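Biologist: I'd like a close look at one part of this model, with some context around it. Here is what I have.

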Amino acid sequence: MPQEGNSREPADPMKLWEPWYETASKAWSNTSDGSKQAYVDPFGFYQTWLKSVGNAQEQVQEQLKAGSFGTMDPKEAWKLWFEATTTIWEKAIGKGTDPLGLTTQWLEMMEEARARILAETNIPADPFTLMKQWYDATSESWATVIGDIIGTERFMESSSQFLESYTSLYRTFSRANEEFFSNLQLPTRSDIARVAELVVEVEDKVEQVEDAIEDLEDNYSKVVSSTLDGRFDQVEKKLAAFPTVLQKLTTVDALEKRLDQVERKVDALPAALQKLTTVDDVEKRLDRVESKLDKLLIVLEKIEAKESPKTSKPTTPTPGKAQAAKREPSKGQALPVEAESVSRRTK
Amino acid sequence: MNQNKTTQSDFDSAFKKYRTGMQIILEGAKADTGQTPKEVIWTKNKAKLYHYEPMVEKRFPIPILMIYALINRPYVLDLMPGNSFVEYLVKHGFDVFMLDWGTPGDEDKKLSFEDYVLDYIPRAVKKVLKAARAEEISLLGYCMGGTMTAMYAALFPDKLLRNLILLTAPVDFTPDDMGLFGLMTSPKYFNPDHVVEAFGNIPADFIDTGNRMLKPVTNYVGTYVTMWDRLMQGKSMDTWLAMNKWVNDGVPFAGEAFRQWIREFYQQNKLVKGEITLRGRKVDLSNISCPILSIAGSKDHICTLPQAEAIKRVVSSKEVDFHVVDAGHVGLMTGSDARKDVWPTILHWLEPRSSKE
């Protein structure tokens with residue numbers, strides 16, 4: 001957009017084109033003159049080439065005037081062309097206008113091409129085939145020659161100068177055009193570019209927002225998935241506990257069986273205990289029997305004691321002796337059956 | 001054409017061919033390029049991220065993102081059916097993506113390598129991973145795109161980068177190894193500031209002229225000799241037209257990026273020395289540790305062999321496969337030799353490295 005405070009008069013681009021035209025014309029004029037200041041053709045190649053073409057044209061015209069061209073053999077035409085184009089170059093070398101020896105190289109190349117093409121038995125009259133043959137015969141040499149030209153410091157220097165002057169001029173024109181249209185209150189290319197820059201910036205911000213939202217979505221889904229993961233873990237843990245519980249249940253089942261067994265055994269206990277009670281009763285009865293036997297023994301001792309004074313005066317036995325006597329009866333004395341059984345039980 | 005007897009039909013045929021040839025020269029080559037079905041899944045400014053539609057069942061979970069140079073159209077990798085590297089990979093079950101930088105306008109003259117390497121590529125990688133539902137990626141960089149991909153790999157040496165494929169990617173810019181380019185970009189003869197200040201963005205023709213001047217006879221004459229030859233012999237013109245269209249379909253170079261490219265890469269050779277810094281972040285190529293496949297052409301005059309081969313000595317990857325093929329800068333990936341040699345080489349290298357570990 002036009003900038004405020006710019007009070008300069010609009011510059012007419014046509015006025016700027018004028019010096020450009022003059023500069024360009026001068027450059028071409030220098031080129032055709034072989035001037036050393038020319039950027040485009042520092043070695044006068046164009047001039048030489050143009051002269052060679054003109055020379056060839058003249059020679060062909062002479063042939064036509066002589067009426068011999070119509071029946072000319074293609075080989076003859078080629079010879080004529082080579083001779084016409086190479087003579088001028090040879091002359092150029094003679095004048096010392098070949099500072100880099102490039103023309104010599106070119107001439108060598110032409111000679112090589114001539115030899116190759118003329119070696120062919122049939123020179124095609126078809127211009128396209130001929131052109132292909134010509135290219136195949138000369139392209140490599142051409143590439144070498146041109147490569148040699150371009151690859152020199154001198155060529156680079158000339159190109160550099162040309163580029164510098166061209167870019168400088170281009171900048172000047174661009175600036176002048178900008179000013180001219182600005183002063184005419186017309187939007188220029190750079191004005192539109194500025195607007196486009198703003199659009200790009202806005203787009204960039206939208207992109208950033210979109211990016212942030214996407215990140216948020218991704219992160220949210222990650223958080224949700226991680227929460228779900230946690231809960232799933234818990235459920236999984238609980239599920240993992242199930243086999244243990246089930247195993248325990250199996251253990252309980254086993255225990256139940258064992259309990260059943262225990263119960264059965266416990267059930268069997270009363271009977272056993274009852275049996276034990278019976279034994280107890282027997283014991284009591286035995287006690288009673290023993291008691292009765294004791295009483296009986298005492299009675300027997302008393303009876304014995306009553307009878308013994310009649311035979312001898314018995315010494316009064318101590319209770320131990322009495323008992324020993326009871327346990328060890330004299331020879332030939334038989335104990336009563338009841339007494340014997342009591343003695344066994346005591347043992 | 002019969003040399004002895006020229007018939008009316010011969011004349012008509014020759015005239016028709018001549019008219020076709022002149023039409024191509026005057027109007028430019030026309031061809032349907034980039035026909036592999038694709039979808040734009042993301043855009044940023046002029047850049048677009050393409051996702052190629054699968055043609056067979058996906059065999060490899062690791063997606064491939066192709067990154068081309070800033071100054072040419074990426075459809076050279078998807079030239080035409082039957083001569084498309086993209087189609088080749090898709091048909092072999094790869095999930096293929098491509099980053100198309102688009103055409104910078106006047107408003108983009110300040111775009112720099114900082115923007116491309118730190119903003120565009122990481123975002124594109126993120127989008128690819130999301131679209132492919134993958135956690136790892138293979139990156140394929142061609143020419144300057146390869147250099148930029150290597151820079152990205154050095155700055156983001158995270159685990160998501162599984163494989164790195166570099167095609168004719170210059171890494172070392174030692175002037176003696178660059179042939180004529182070394183002289184053309186020498187600070188003695190070329191000041192990028194002058195060009196940037198004059199043009200803003202560097203016109204495609206300017207860049208193209210510089211490249212063509214490396215082989216002027218082949219590029220300015222040989223191409224059209226081939227055209228006439230093919231026309232006159234009645235050979236198929238499809239590939240020639242597609243290639244010629246691509247060659248003449250250059251993209252302007254964003255001014256600031258051009259200044260950096262010439263000054264910091266070509267004139268100061270900072271990349272291989274580890275002296276490039278992007279927004280304060282040092283680009284150290286030794287940070288790259290993933291497997292690398294680098295392919296260079298022995299006839300390449302834009303990225304010479306030593307320039308590409310340098311990757312072997314600057315990265316810390318245990319696996320660096322460097323292949324040299326008998327081809328030029330573009331012929332490396334197009335044409336019948338590419339189909340027979342380079343494409344299968346890439347495919348067989350990628351296949352075992354594109355499965356989940």
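Biologist: Which residues in α14(B) are buried? Take me through that helix, then out to the rest of the chain and its partner.

Modeller: Sure, and keep in mind that this is a predicted model. The buried residues in α14(B) are A338(B), V342(B), I346(B), W349(B) and L350(B). There's a pattern behind that kind of list: an α-helix has 3.6 residues a turn, so residues three or four places apart point the same way. As for what they face, the buried residues of α14(B) pack against four strands of chain B, namely β7 (137-142), β8 (161-167), β11 (292-297) and β12 (320-325).

Now the helix axis. α14 of chain B covers residues 335-350, and at 1.5 Å a residue its 16 residues should span 22 Å; the end C-alpha atoms sit 21 Å apart, which agrees. There is a bend along the way, though: a kink of about 30° lies at V342(B), shortly before the proline P344(B). V342(B) is also on the buried list.

Zooming out, chain B has 14 helices and twelve strands, and 45% of its 357 residues are buried. Take its contacts between residues at least 6 apart in sequence: 78% of them join residues at least 24 apart. The largest nonpolar core holds 110 residues, and L65(B), M66(B) and A150(B) have the most contacts inside it. Helix α3 (residues 113-132) of chain B gives the largest share of this core, nine residues. If you want to see one of those well-connected residues up close, pick L65(B): setting aside neighbours within four places in sequence, its contacts are F97(B), L99(B), A124(B), V125(B), V128(B), I137(B) and L139(B).

Chain A reads quite another way. Its secondary structure comes to nine helices and zero strands, and buried residues make up 4% of its 347 residues. For its contacts between residues at least 6 apart in sequence, the part that joins residues at least 24 apart is 63%.

Last, where the chains meet: the contact takes 26 residues from chain B and 28 residues from chain A. On the chain B side, the elements giving two or more residues are α5 (180-184), α6 (192-199) and α8 (216-232). The largest share there, nine residues, comes from α8(B). By type, that side of chain B divides into 14 nonpolar, six polar and six charged residues.

How values were computed. Residues numbered from 1 in each chain as written. Chains lettered and ligands numbered in written order. Predicted model: local features only at pLDDT ≥ 70, side-chain atom pairs only at ≥ 80, totals over all residues. Contact = placed C-beta atoms within 7 Å. Nonpolar A, V, L, I, M, F, W, Y, C, P; charged D, E, K, R; others polar. Expected span 1.5 Å × (residues − 1). Bend = angle between axes of the 7 residues up to and from the residue. Buried ≥ 20, exposed ≤ 12 C-beta atoms within 10 Å, placed from the backbone. Core = buried A, V, L, I, M, F, W, Y, C linked by C-beta atoms within 7 Å.
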